[in-house]
There are 2 protein chains.
Amino acid sequence: MSTDIVTIAGGATWQEVAADRQRHRDATIAQLEPPLPELSASEIPLNTIALPKKILSEGELTITDTTLENLIEKLASGHWTSTAVIKVFMRRAGLAQKLTNCVTELLPERALKRAEELDAYIATNKKPVGPLHGVPISVKEHVGIADCDLNAGFVGWVGTVAKEDSHILQCLWDAGAVLYVRTTQPQTLMQIETSSNLYGTTVNPYNTSLTPGGSSGGEGALLGLRGSLLGIGTDIGGSIRSPAANNGVFGFKPTSLRLPVRGWTATMAGAEHVIAAIGPMSTSLAGLKLFTQAVLDREPWLREPTLIPIPWREEEARRAYEGRRVRVGVMVDDGVVMPHPPVKRAMAGVVEKLRKSPNVEVVEWKPWDHDRAWSIIASLYFCDGGADELAAINTSGEPLRPLSHWILKENPHVRRHTIESLWAANLERDAYRTGYAERWDIDVLLCPVGPGAAPKLETSRYWGYTAQWNLLDYPAVVFPTRDCVSVDKDGDEGSEHAYPLGYSPRGESDKYNYELWREHGAEGYKDAPISLQLVGGRYQDEKLLRALEILMDAAELPRSI
Amino acid sequence: MSTDIVTIAGGATWQEVAADRQRHRDATIAQLEPPLPELSASEIPLNTIALPKKILSEGELTITDTTLENLIEKLASGHWTSTAVIKVFMRRAGLAQKLTNCVTELLPERALKRAEELDAYIATNKKPVGPLHGVPISVKEHVGIADCDLNAGFVGWVGTVAKEDSHILQCLWDAGAVLYVRTTQPQTLMQIETSSNLYGTTVNPYNTSLTPGGSSGGEGALLGLRGSLLGIGTDIGGSIRSPAANNGVFGFKPTSLRLPVRGWTATMAGAEHVIAAIGPMSTSLAGLKLFTQAVLDREPWLREPTLIPIPWREEEARRAYEGRRVRVGVMVDDGVVMPHPPVKRAMAGVVEKLRKSPNVEVVEWKPWDHDRAWSIIASLYFCDGGADELAAINTSGEPLRPLSHWILKENPHVRRHTIESLWAANLERDAYRTGYAERWDIDVLLCPVGPGAAPKLETSRYWGYTAQWNLLDYPAVVFPTRDCVSVDKDGDEGSEHAYPLGYSPRGESDKYNYELWREHGAEGYKDAPISLQLVGGRYQDEKLLRALEILMDAAELPRSI
């Protein structure tokens, strides 16, 4: 396969490489049976969410519109074959590509072969292979798949073919998963949007003038359109949570070094000052747990010694809140950037319900120096001053995408560290972590995922609400409130959640965010889902997901969409 | 207290600072009641181990010659008061100082006050404060104690006074411990001997021409003379294990980030490429477990967020080998430096007994590239090219001690890393760890602690047998074989454990070690204890200690000395 790939090393221009990758992607979608209809731009509305219902068959909708829990049950019981399920999800994923540009390729041959094997297994053995028998799992491109290109969003890296599946995919495979689609990511992976020179810009299915978020934005848009019910993202500053939030699905960034990452690719390999996490995104809260537990049950630490050998502690989590209330800190505003009115409204709505629950204790959480946290983590992201990122870009001559330029060139915290300054930054990080741990007297923290709902394209500049928990390495989960930006509810400047009249922004980041709202208002963000974030103590992943179950019940929110 | 300390900052020379520290030490010893006899050099034999029996009273010997297990029982039952016990151990520690130069200061006021409180507690409550009620615990100097100087072996750092007890000491305090003595360490802490310009050279109580090892060499000598039955060392290349081995006691380097380290001091703070571990040294195997469990039971990770929240898994360890044999790899020689004959003899003796045990399966372990492991870890020890070490030394103008010169100036792996070369070195480390994990098909590995018994002073140049497990971050425990270097047993060049006639060394390190044996022979190392090392898989600390219990029983070795 690799010999067919057009590459910079083979003498092509970056535009030729990108065109070839897109041709390849389209060719994999063209294999679908029956073929998808061609859609002209004028046929795609601003909000695309209802479109699959018009294009897919009733049978296809039955399978793809069901909950992940039901899908798993139907597959495990043999009621639905893996082959039937994967065909349908490939078609819906192909459609999602046409609507939002979220796919880098389908894997029809591999997926169908695997599905046949699973169907044969269940026919013979009358039982599923494992807890994820036949479940289609979508994969962010930089998590390597055997025999597939592995470019991490850089044109210059196209042509590197993975020798084997990433470790996490091996674990999921053992549990019965079917891999069938790979999804887009931005140039550098260091954007919370999804824009690259290989595939262009991925957009939000709820409002195509908005971003689906990033860097796992392809996953986000795909899940938003139910082209997948369970996928894999990665997160070093919000890259699982931002796209989960922007597309109204669930996303879980576990504590780092719990889930295996061997086989992914990215720049700055060997850096360990801030550690990225890999984790699930799903249409269902249960999907996050199933995924994580299935991987940990394979004891990945035996093969990847960087990992910490903590098994999934289900029983401990189940007992954690028995006979007592979940103590929830509430932080509407991080003190650096005030969220847009719809986010404040959603927070208020959920908190009101939590306060009425006998299972929840609500306390106010006073953010501690979150602006300092950003300056610490931002100085640790690119310890080489961005050299490795820029080298990867310069290999092909591709231009910097606007948000790559912003994070690398306009970010005042980027510096080339010496060994000494790196050690000093590590100490500052550790002191901040210690200070936060001393203050942490809650079970979980409820807060926004970002300073607004899904942002206008190229405007996602404030990572503070998510990167905070990467610096602290606290697990964090994003969940949909089933609410969305509404002209009726958020248009009134006099409402209790609106900016105060004559609001004077706190600083540059707050001003930028404030002006976005002034410019676009509720109309500009119309239909964007509003999601919230729940954060747990470091390594308390199991207890965090258990707390979210309790909280969603208390807030009368469905655990599955 | 700090105002009384003579310091470089106060205008003193390094010699004046050192003299003041020694005066202070001697003054704390002079407070002992009854005072210890003055001993002239001629009164101190080469082997000092029998001397306490001649100098201490029968009552003092009853308390200090008992096992740690019995001491704990007598204290917990109130049979012996904490005050009586601590007075006796302070005297024996003072005597150990006169014989081996292993103490930096006694803490009589603090210790007696604490002992009184404990005695009052037990009188009132009829129960001990915790599992270490009244147990005297000795502490390596660079593990900070409130209101005491904290110099890490650098003359220039004298005058920094710790504000509070180190975190690990707070945990031990909660468990009932009494702190009473601080022990010596070498300049830079990066020697596996114990030689500084502040206190001179610590020597081995079994043979004062030999080193007690290091860097926790003060602890080693003190425990060897039973001036302590339980103490604290630190280890980044062998610093707990070398002194445990050289003095015939137990020493345990846990997996890193399990036990708390906040409050210790050292150069290169913020470095995280190779992580030092803190751990117990004891006259008893049970002491290692008691110590570790007592600390972990205090959930130190809640206050020190760098730590991994794995509690002590006693039950899991107990069950680990039920109904099956412990699979023990045996590695007599690491393929880089052949051990001296006495070490090979001790290995053979223990292995012979293990082979006969129904509880043990013995397999040969083929070392995998241990020379590469050394080159990787040695290049990560001083990522700044040694600048921080040299700056700490230059602050006072003190000279480099010979082994500091060797590790910093003669070590070909020392280099100033760039961010990029550091990342590359991290990747090399991780790849080596992965390769080793893939080969690790045993429960534990039995191997030497060093390429000989306790070395002649200033000759401890080969760290490979211990640093290997720091690079891999595998827990490792050292235990005494109750054997020692013997002119009768090791003097015969024709014996099966001797170097082959006409031996041709493999390389520079092997040649150095071989020539040491040629020069000094069994006579030169007479009476040095021979200890061995047992290594477990990463994070398998509990199972490692359990395996050692089984192995010591199988080898008919007492678990306590």
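User: What turn and shift lay chain B on chain A?
Analyst: A turn of 180° with a shift of 0.0 Å along the axis lays chain B on chain A at an RMSD of 0.0 Å, and the two copies are thus related as by a two-fold rotation axis. The superposition is by least squares on the C-alpha atoms of residues with pLDDT of at least 70 in both copies. This is a predicted model, in which local features need pLDDT of at least 70 and side-chain atom pairs count only at pLDDT 80 or more, while totals for chains, interfaces and linings use all residues. Residues are numbered from 1 along each chain as its sequence is written, chains are lettered from A and ligands numbered from 1 in the order in which they are written, and side-chain values use heavy atoms, with hydrogens and water left out.

User: How many residues does each chain put into the contact?
Analyst: Chain B gives 34 residues and chain A gives 35 residues, where contact means heavy atoms within 4.5 Å. About 2800 Å² is buried between chain B and chain A, 59% of it on carbon and sulfur atoms; buried area here is the accessible area (1.4 Å probe) that two parts lose on being put together, summed over both.

User: And how many salt bridges between chain B and chain A?
Analyst: The count is 4 salt bridges between chain B and chain A, a salt bridge being a side-chain nitrogen of Lys or Arg within 4 Å of a carboxyl oxygen of Asp or Glu. B:Arg416 forms a salt bridge with A:Glu420, with the closest N and O atoms 2.7 Å apart.

User: Switching to chain A by itself, which domains is it divided into?
Analyst: Chain A is divided into domain 1 (22-302) and domain 2 (321-554), with bounds that come from an automatic or database domain assignment. Taken over C-alpha atoms, the centres of domain 1 and domain 2 of chain A are separated by 24 Å, and their contact takes 54 residues from domain 1 and 64 residues from domain 2.

User: What area is buried between domain 1 and domain 2 of chain A?
Analyst: About 4800 Å² is buried between domain 1 and domain 2 of chain A, of which carbon and sulfur atoms give 57%. A:Met190, A:Arg241 and A:His273 supply 14% of the area that domain 1 buries against domain 2, more than any other three residues. There are also 3 salt bridges between domain 1 and domain 2 of chain A. Elsewhere in the list of charged pairs, A:Glu542 and A:Arg258 meet through their side chains in a salt bridge at 2.7 Å, N to O.

User: Which residues touch the most other members of the largest nonpolar core?
Analyst: A:Tyr381, A:Trp469 and B:Tyr381 do, out of 93 residues in that core, which draws at least three residues from each of domain 1 and domain 2 of chain A. A nonpolar core is a set of buried Ala, Val, Leu, Ile, Met, Phe, Trp, Tyr and Cys residues joined through side-chain atoms within 4.5 Å. Buried means under 20% relative accessible area, exposed means over 50%, and partly exposed lies in between (1.4 Å probe, protein chains only).

User: What does A:Trp469 touch?
Analyst: Not counting residues up to four places away in sequence, A:Trp469 touches several residues, including A:Arg241, A:His370, A:Tyr436, A:Trp440 and A:Gln533. A:Trp469 is one of the buried residues of H17(A), and because 8 of the 8 residues of helix H17 (residues 464-471) of chain A are buried, this helix is largely enclosed by the rest of the structure. Helices (H or I, at least four residues) and strands (E, at least two) are DSSP runs, numbered from the N terminus. Just after H17(A), A:Asp473 takes a positive phi of about 60°.

User: What about helix H7 of chain A, which residues are buried there?
Analyst: In H7 (residues 167-174) of chain A they are A:His167, A:Ile168, A:Leu169, A:Cys171 and A:Leu172. These pack against strands S2, S3, S6 and S8 and helix H10 of chain A, and just after H7(A), A:Gly176 has a positive phi of about 110°.

User: Where is the cis peptide bond in chain A, and what about its omega?
Analyst: The bond from A:Gly214 to A:Ser215 is cis, with omega near 5°, and A:Ser215 lies in the loop between strand S5 (200-201) and helix H8 (217-224) of chain A. In chain B, a cis peptide bond joins B:Gly214 and B:Ser215, with omega about 5°.

User: Is A:Glu458 buried or partly exposed?
Analyst: A:Glu458 counts as partly exposed at 27% relative accessibility, and its phi is near 70°, a positive value in a residue other than glycine. A:Glu458 is found in the loop between strand S11 (444-448) and H17 of chain A.
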